[in-house]
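Open the model in your viewer and keep the sequence panel beside it. The tour moves from one selection to the next.

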Amino acid sequence: MVNSAEQKFEFIVPETVVSSLMPCVLGNPEKDTRLMTLDFGYATAPTVHFFSQFTCTLYFAALIDSNIKKFNSDEYSHADKVRQFQNTLNIPVDAQIDIILFWDLFCYLDRSAISALLEALHPYVHRHSRAHSIGLLNNRYRLPALEYGLCDNSTLSQQPNDELKTKVYGHSRQQFNDSLDYFRVDKSCLLADGRVENVLLVK
């Protein structure tokens with residue numbers, strides 16, 4: 001089952017990049033394993049195709065676009081931002097998410113917005129939930145505007161996202177760790193262009 005505000009199935013062949021850590025997030029599910037997955041990007045064809053081999057419910061939040069800047073506004077209180085994220089995610093109240101694909105979402109949120117997002121997400125996270133995120137090694141690198149997908153358990157798809165025009169927040173590794181609340185960074189590995197992929201586990 002796919003739950004998405006918008007699906008993107010353009011006839012563009014995306015680039016691929018090997019992910020050393022995605023297998024740690026996905027584990028080794030059997031074909032009949034029931035999975036609940038939350039993808040903060042759009043419903044890309046590779047991701048939908050990959051999860052179609054499992055008994056899987058997919059939720060696509062489609063948050064990684066230029067409208068994301070509203071969550072960083074100083075005009076809203078923390079409680080207001082939590083409600084905004086809750087309304088945007090629109091996840092069923094009884095859902096328990098097994099796999100979370102944040103992609104590079106945290107790079108487009110300030111620390112207060114990250115805190116609000118994780119509070120909104122908390123009811124759907126269980127002790128064995130696993131997450132994947134992408135960030136920058138340090139501020140000397142520039143974050144490419146990309147749309148990510150999942151080709152297989154160790155290969156990501158990526159293609160330019162020309163519509164993504166918003167501020168990038170250069171969180172240091174310590175700031176990022178401190179922002180994760182009930183998550184912790186279990187493993188990190190370098191990707192191309194100064195990007196870092198992370199495995200996040202529940203504390």
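The stops below cover a strand and its partners, a nonpolar core, and some single residues in a predicted model.

**Stop 1: strand E7.** Select residues 97-103, which form strand E7. Is this strand mostly covered or not? Seven of its seven residues are buried.

**Stop 2: the partners of E7.** Add residues 34-39, strand E4, which pairs with E7 in the parallel sense over three bridges. To find the register, show Thr 37, whose bridge partner in E7 is Ile 99. Now add residues 125-136, strand E8, which runs parallel to E7 and is joined to it by five bridges. Here Ile 100 stands opposite Ala 131 in E8.

**Stop 3: the helix between.** Select residues 111-121 to bring in helix H4. Together, E7, H4 and E8 make a right-handed β-α-β unit.

**Stop 4: the nonpolar core.** The largest nonpolar core has 65 residues. Which of them touch the most other members? Show Phe 40, Phe 51, Phe 102, Leu 121 and Phe 183 as sticks, for these are the ones. Helix H4 gives the most to this core, with seven residues. In soluble globular proteins, nonpolar side chains tend to be buried together.

Centre on Phe 40 and display what surrounds it. Beyond four places in sequence, Phe 40 touches several residues, among them Ala 61, Ala 62, Leu 63 and Ile 64. Its contacts also include Ile 100, Leu 101 and Phe 102, as well as Leu 117 and Leu 121.

**Stop 5: two positive phi values.** Most residues other than glycine have a negative phi. Go back to strand E7 and select Trp 103, where phi is positive, near 55 degrees. Trp 103 is buried, with a relative accessible area of 1%. Next select Asp 193, in the loop between strand E11 (183-190) and strand E12 (195-202). Phi of Asp 193 is also positive, near 60 degrees. Is Asp 193 buried or exposed? Asp 193 counts as exposed because its relative accessibility is 51%, and the cut-off for exposed is over 50%.

**Stop 6: a buried lysine.** Select helix H3, residues 78-89, and pick out Lys 81. Lys 81 is buried yet has no salt bridge. Which side chain of opposite charge is nearest to Lys 81? That is Asp 110, 4.6 Å away; a salt bridge needs the charged atoms within 4 Å. Leaving aside neighbours within four places in sequence, Lys 81 is in contact with Phe 71, Asn 72, Ser 73, Tyr 76, Ser 112 and Ala 116.

Notes: Residues are numbered from 1 along each chain as its sequence is written. This is a predicted model: local features need pLDDT of at least 70, side-chain atom pairs count only at pLDDT 80 or more; totals for chains, interfaces and linings use all residues. Side-chain values use heavy atoms; hydrogens and water are left out. Buried means under 20% relative accessible area, exposed over 50%, partly exposed in between (1.4 Å probe, protein chains only). Helices (H or I, at least four residues) and strands (E, at least two) are DSSP runs, numbered from the N terminus. Two strands pair if DSSP finds at least two bridges between them. A crossover is right-handed if, with the strands pointing away from the viewer, the path from the first strand over the helix to the second runs clockwise. A nonpolar core is a set of buried Ala, Val, Leu, Ile, Met, Phe, Trp, Tyr and Cys residues joined through side-chain atoms within 4.5 Å. Contact means heavy atoms within 4.5 Å. Lys and Arg count as positive and Asp and Glu as negative; His and the chain ends are not counted.
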